[in-house]
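User: I would like to go through the terms used for one sheet and see what each rests on. Please show the model.

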Amino acid sequence: MSEIEIVLPAIESADTVIETEVGQYRVAGLHIPEKRVMADPALLRDLVKAARTAASNAHVPYSHFHVGAAVIMADDPAGNVITGANIENASYGATICGERNALHAAAAKGFRRIKFLALSTADSLDGPLPDRSPCGICRQVMREFIDRDEAQDAALIMMDTGDADFTADILDIDRLLPYGFRL
């Protein structure tokens with residue numbers, strides 16, 4: 001199958017200023033430029049399926065909320081699919097999410113730039129996007145592995161819909177974490 005162009009539309013909202021008797025407050029607007037990414041739709045579909053399969057390997061005796069992730073790193077010349085699942089622990093601080101599990105495995109192999117990342121929350125596939133979306137820590141870890149030198153930061157992040165007509169909802173890190181921390 002040939003590649004398709006995926007267009008993430010620009011998002012624009014201006015700052016607004018609130019005048020008060022004790023000073024001004026600025027409500028931050030948002031400027032996210034349009035991004036265009038070429039991708040093989042069959043590859044993206046297979047990546048979402050790999051994330052769904054990874055979710056079946058989750059160790060979730062406490063939450064019973066299975067999450068799987070699959071990532072292809074831009075700096076992996078072989079384009080390998082690296083997967084991870086959430087692994088819970090009775091000491092909840094020792095728990096790791098599926099997304100971070102996959103990204104840490106990729107980083108341990110020496111890769112540092114996400115190209116495509118898919119995640120599947122097997123227990124909420126029929127829910128709205130917020131019920132299938134990564135947690136804040138995972139979003140920040142994803143940002144760490146987005147190429148800052150690339151003009152468009154065009155890594156795609158896909159959330160499995162579980163729907164027969166839709167493979168995934170597609171975002172990028174700017175839409176997922178618009179004010180993420182950077183050094």
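Analyst: The turns below take up burial, pairing, strand order and a helix.

User: What kind of model is this, and how are residues numbered?

Analyst: This is a predicted model, in which local features need pLDDT of at least 70 and side-chain atom pairs count only at pLDDT 80 or more, while totals for chains, interfaces and linings use all residues. Residues are numbered from 1 along each chain as its sequence is written, and side-chain values use heavy atoms, with hydrogens and water left out.

User: Why is strand S7 called mostly covered?

Analyst: Strands are DSSP runs (E, at least two residues) and helices are DSSP runs (H or I, at least four), numbered from the N terminus. Buried means under 20% relative accessible area, exposed over 50%, and partly exposed in between (1.4 Å probe, protein chains only). In S7, residues 67-73, 7 of 7 residues are buried, so by that cut-off S7 is called mostly covered.

User: Which residues of S7 point which way?

Analyst: Val 67, Ala 69, Val 71 and Met 73 point one way, Gly 68, Ala 70 and Ile 72 the other, and all are buried. In a regular strand the side chains alternate between the two faces of the sheet.

User: What makes S7 and S9 a pair?

Analyst: Two strands pair if DSSP finds at least two bridges between them. S7 and S9 (residues 114-121) have 7 bridges in the antiparallel sense, so they meet the definition. One of the bridge partners is Leu 119 in S9, for Ala 69. S7 is also joined to S8 (residues 81-85) by 5 bridges, again antiparallel, with Gly 68 partnered by Ala 85.

User: Why is the pairing in the sheet called mixed?

Analyst: The open sheet has 5 strands in the order S8-S7-S9-S10-S11. S9 and S10 pair in the parallel sense over 4 bridges, whereas S10 (residues 156-160) and S11 pair in the antiparallel sense over 4 bridges. Phe 116 stands opposite Leu 156 in S10, and Ile 157 stands opposite Leu 171 in S11.

User: What makes S8 and S11 edge strands?

Analyst: S8 and S11 (168-171) each have a single partner strand, so one side of each is left without a neighbour in the sheet.

User: How do you know that both faces of S10 are covered?

Analyst: Leu 156, Met 158 and Asp 160 on one side and Ile 157 and Met 159 on the other are all buried.

User: Which helix lies across the strands, and at what angle to S7?

Analyst: Helix H1 (residues 41-55) lies across S7, S8, S9, S10 and S11, at about 140° to S7. Contact means heavy atoms within 4.5 Å; axes are lines fitted to C-alpha atoms, for helices over the stretch in contact, and angles run from 0 to 180 degrees between N-to-C directions.
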